[in-house]
Amino acid sequence: MKVVLFCGGYGMRMRAGANDDIPKPMAMVGPRPLIWHVMRYYAHYGHKEFILCLGYGAHHIKNFFLTYEETVSNDFVLRGGRTELLSTDIADWTITFAQTGIESPIGERLRRVREHLDGDEMFLANYADVLTDAPLPEMIDRFSRRDAGASMMVVPPQSSFHCVELGQDGLVGGITPVSELPLWENGGYFVLRQEIFDHIPENGDLVADGCAQLAKRGRLVAHRHRGFWQPTDTVKERTALDEAYARGDRPWAVWERERTGTGVSA
């Protein structure tokens, strides 16, 4: 299945200053940027046709792949001054680079790459800045057997705040962590059918418009995931991922875990 990645936003909370024009998907986690980790996740499960919805800082993403160095993350032999790779990351990937506008909402970005989907009944979509160990084949299989227009992965709330129950005269009746409430939030991993395009207006949003309209019609399903899920909306979150990578704690790296059985590459 083709994978649409939304990687054209400003990522303001990740910016180091006014002169920092690196788009959020290019923030580094270990030796590779976020978008690489997301793409490796999909490629591990056999989905190697990518459509990148570019916008802000597009040249950084293009340059990364145009000058990609396989030796950074693959074993190789140097023989007679020539490099012989023992494995590769992206040699069998197909990547379409599509400029979808600087200010475009995500729904509009999706509309602008529809022609690259070749009319495929189903396709995958992702924000390109969230890492997870969710079982993608299960997510796809469940959706394929449902009569629905879209599937959205949902996760428990990640906030560390507490909700306070107030009674008469301001007395507190209870305090509950947000993460323990019977609530779910958008996890950013989608399985979509062409039907989604019927509900996204020009300059519309994927979730607020497309998914919301499908929900009203009983055409949106959710895949609940309680395992590892980590967004990178802030420098703090990206740094935490980078530190986890350095100590070998990489639950999102399913391509490593299933090869070594540990979650850490050999």
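Which residue's side chain meets that of Glu 256 in a salt bridge? In this predicted model, the partner turns out to be Arg 250, with N and O 3.3 Å apart. Both ends of this bridge are tucked away: Glu 256 counts as buried because its relative accessibility is just 6%, and Arg 250, at 11%, is buried too.

That pair is part of a wider set, as a search of the whole structure turns up 19 salt bridges. Another one brings Asp 118 together with Lys 2, and here the closest N and O atoms sit 3.4 Å apart. Asp 118 belongs to the loop between α3 (106-112) and β8, while Lys 2 is in strand β1 (residues 2-7), so this contact ties together parts that are 116 residues apart in sequence. The two partners differ in their surroundings: Asp 118 is exposed, at 58% relative accessibility, whereas Lys 2 is buried, at 9%. Nor do these two stand by themselves, since bridges with shared partners join Lys 2, Glu 49, Asp 118 and Asp 120 into one network.

A further bridge runs between the side chains of Asp 89 and Arg 40, at 2.9 Å from N to O. This one also links distant parts of the chain, with Asp 89 in the loop between β6 (82-85) and β7 (94-99) and Arg 40 in helix α1 (residues 34-44), 49 residues away. Asp 89 and Arg 40 are both buried.

Turning to the backbone, a couple of non-glycine residues catch the eye. Ala 128 has a positive phi of about 70° despite not being a glycine. Its place is the loop between β8 (122-126) and β9 (130-132), and at 0% relative accessibility this alanine counts as buried. Asp 169, likewise not a glycine, has a positive phi of about 60°. Asp 169 is also a loop residue, sitting between β11 (162-166) and β12 (172-177), but with 78% relative accessibility it counts as exposed.

The strands on either side of Asp 169 show up again on the surface. Val 164, Leu 166, Val 172 and Ile 175 make up a nonpolar patch there, together offering about 410 Å² of accessible area. Each of β11 and β12 contributes at least two residues to this patch. One of the members, Val 172, is in strand β12 and counts as partly exposed, because its relative accessibility of 49% falls short of the over-50% cut-off for exposed.

How values were computed: Residues are numbered from 1 along each chain as its sequence is written. This is a predicted model: local features need pLDDT of at least 70, side-chain atom pairs count only at pLDDT 80 or more; totals for chains, interfaces and linings use all residues. Side-chain values use heavy atoms; hydrogens and water are left out. Helices (H or I, at least four residues) and strands (E, at least two) are DSSP runs, numbered from the N terminus. Buried means under 20% relative accessible area, exposed over 50%, partly exposed in between (1.4 Å probe, protein chains only). Patches are made of residues with over 30% relative accessible area and no salt bridge: like charges are joined within 9 Å, nonpolar side chains (Val, Leu, Ile, Met, Phe, Trp, Tyr) within 5 Å. Accessible areas come from the Shrake-Rupley method with a 1.4 Å probe; for residues, only the protein chains shown count as cover. A salt bridge is a side-chain nitrogen of Lys or Arg within 4 Å of a carboxyl oxygen of Asp or Glu.
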